[in-house]
Amino acid sequence: MHVVELRFECFDNTTITAAEKTINGLLEAYRANGQILGREFAVAFNDGEFKVRLLMPEKSSLAKRFNSPWVQRALCELTEAKLLAPREKYIGQDINSEVSSSETPSWQLVYTSYVHMCSPVRNGDTLQPIPLYQLPATFNGDHKRIIRWQTEWQACDELQMAAATKAEFAALEELTSPSSDLFRRGWDIRGRIEYLTKIPTYYYLYRVGGDNLASEKSRACPRCGNKEWLLEEPLLDMFHFRCDNCRIVSNISWDHL
């Protein structure tokens, strides 16, 4: 991933309130399209211009060809706030994040965790994140719905990792059950991505708990009952199960590995 600084200069008198609203609207549009990553953006004002540093999947993430209709509209609204189009200053590659996938995968999966800010759509051959703007718009012109799902999944993951309140059990139900609302929404989005890209797309179903390693290996697909989904070797050293009918990958419970 890469770090860039955007600078917004005023070309006429404006107000902090008008500039703040317009700049934040543009940043949210970029985020909804997967062009920038993260949830909070510190916008600073100094010497007559506004500056913000952003994390992007690729060096070219803010290229015009990737803009959604909402990004284009937000860019036009800068003029109304008396701001010029943003100037980019490339800072460098982020050494603490993953490299985005640049190859067309033979299969892909929807996978995230509470420690990941990158795209939740992964290359199934390498597990590298696929920038969302490289995919056809999933709903209503951008990818807001899958980013919202990712935020919810990560919130549940953080609750169950903390293991400090009774909310842990409700969060685990959302992460591990094929009848949960979180699974249903994510699995539907997975199907939408597969339909648009024509690439087999799987959903990662988190697994923890269970009695022992033997019972884990013998468990069936929780969605269709398929007992032949255990793989001889784990995919990407992480996924021990794959059901091609349900488009689900899963792991042997982390409690028994």
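**Exercise 1. Helix α3 against helix α4**

Task: In this predicted model, determine at what angle α3 and α4 pack and how far apart their axes lie. Then classify the arrangement and describe the contact.

Solution.
Step 1. Helix α3 covers residues 144-162 and helix α4 covers residues 167-176; they pack at an angle of about 135°, and their axes are 8 Å apart.
Step 2. Angles over 145 degrees count as roughly antiparallel and 65 to 115 as roughly perpendicular, with the rest beyond 35 degrees counted as oblique. α3 and α4 are therefore oblique to each other.
Step 3. The crossing in which α3 passes α4 is left-handed.
Step 4. On the α3 side, the contact is made by W153, C156, D157, L159 and Q160. On the α4 side, A167, E168, A171, L172, E174 and L175 take part.
Step 5. Sorted by class, the residues of this contact comprise seven nonpolar, one polar and three charged.

**Exercise 2. Helix α3 against helix α5**

Task: State which residues of α3 meet which residues of α5, and give the geometry of the pair.

Solution.
Step 1. The packing angle of α3 and α5 is about 145°, with an axis separation of 10 Å.
Step 2. α3 passes α5 in a left-handed crossing.
Step 3. From α3, the residues R145, I146, W149, E152, W153 and C156 meet L182, R185, G186, I189 and I193 of α5.
Step 4. The contact of α3 with α5 divides into seven nonpolar, one polar and three charged residues.
Step 5. W153 and C156 of α3 appear in the contact with α5, and W153 and C156 also belong to the contact with α4.

**Exercise 3. The six-stranded sheet**

Task: Give the strand order of the open sheet and identify which strands stand at the edges. Then place α5 relative to the sheet.

Solution.
Step 1. The six strands of the open sheet are ordered β6-β5-β7-β10-β9-β8, and their pairing is mixed.
Step 2. β6 and β8 each have a single partner strand, so one side of each is left without a neighbour in the sheet, and these two strands stand at the edges.
Step 3. From one strand to the next, the twist averages 35°.
Step 4. Within this order, β7 (residues 201-205) pairs with β10 (residues 248-250) in the parallel sense, over three bridges. L205 stands opposite S250 in β10.
Step 5. Helix α5 (residues 181-197) lies across β5 (108-110), β6, β7 and β10. Relative to β7, α5 runs at about 160°.

**Exercise 4. Two residues with positive phi**

Task: Locate N140 and L236, and decide whether each is buried, partly exposed or exposed.

Solution.
Step 1. Most residues other than glycine have a negative phi.
Step 2. N140, which is not a glycine, has a positive phi of about 55°. L236 has a phi near 55°, likewise a positive value in a residue other than glycine.
Step 3. N140 lies in the loop between β6 (121-123) and α3. L236 lies in the loop between β8 (230-235) and β9 (239-243).
Step 4. Exposed means over 50% relative accessible area and buried means under 20%. N140, at a relative accessible area of 63%, is exposed. L236, at 28%, is partly exposed.

**Exercise 5. The whole protein**

Task: State how many helices and strands the protein has, and which percentage of its residues is buried.

Solution.
Step 1. The protein has six helices and ten strands.
Step 2. Of its 257 residues, 47% are buried.
Step 3. The C-alpha trace spans about 70 × 40 × 35 Å along the principal axes.
Step 4. Among contacts between residues at least 6 apart in sequence, 66% join residues at least 24 apart.

Technical notes: Residues are numbered from 1 along each chain as its sequence is written. This is a predicted model: local features need pLDDT of at least 70, side-chain atom pairs count only at pLDDT 80 or more; totals for chains, interfaces and linings use all residues. Side-chain values use heavy atoms; hydrogens and water are left out. Axes are lines fitted to C-alpha atoms, for helices over the stretch in contact, and angles run from 0 to 180 degrees between N-to-C directions. Helices (H or I, at least four residues) and strands (E, at least two) are DSSP runs, numbered from the N terminus. A crossing is left-handed if the near helix is turned anticlockwise from the far one by less than a right angle, and right-handed if clockwise. Contact means heavy atoms within 4.5 Å. Ala, Val, Leu, Ile, Met, Phe, Trp, Tyr, Cys and Pro count as nonpolar, Asp, Glu, Lys and Arg as charged, and the others, Gly among them, as polar. Buried means under 20% relative accessible area, exposed over 50%, partly exposed in between (1.4 Å probe, protein chains only). Two strands pair if DSSP finds at least two bridges between them.
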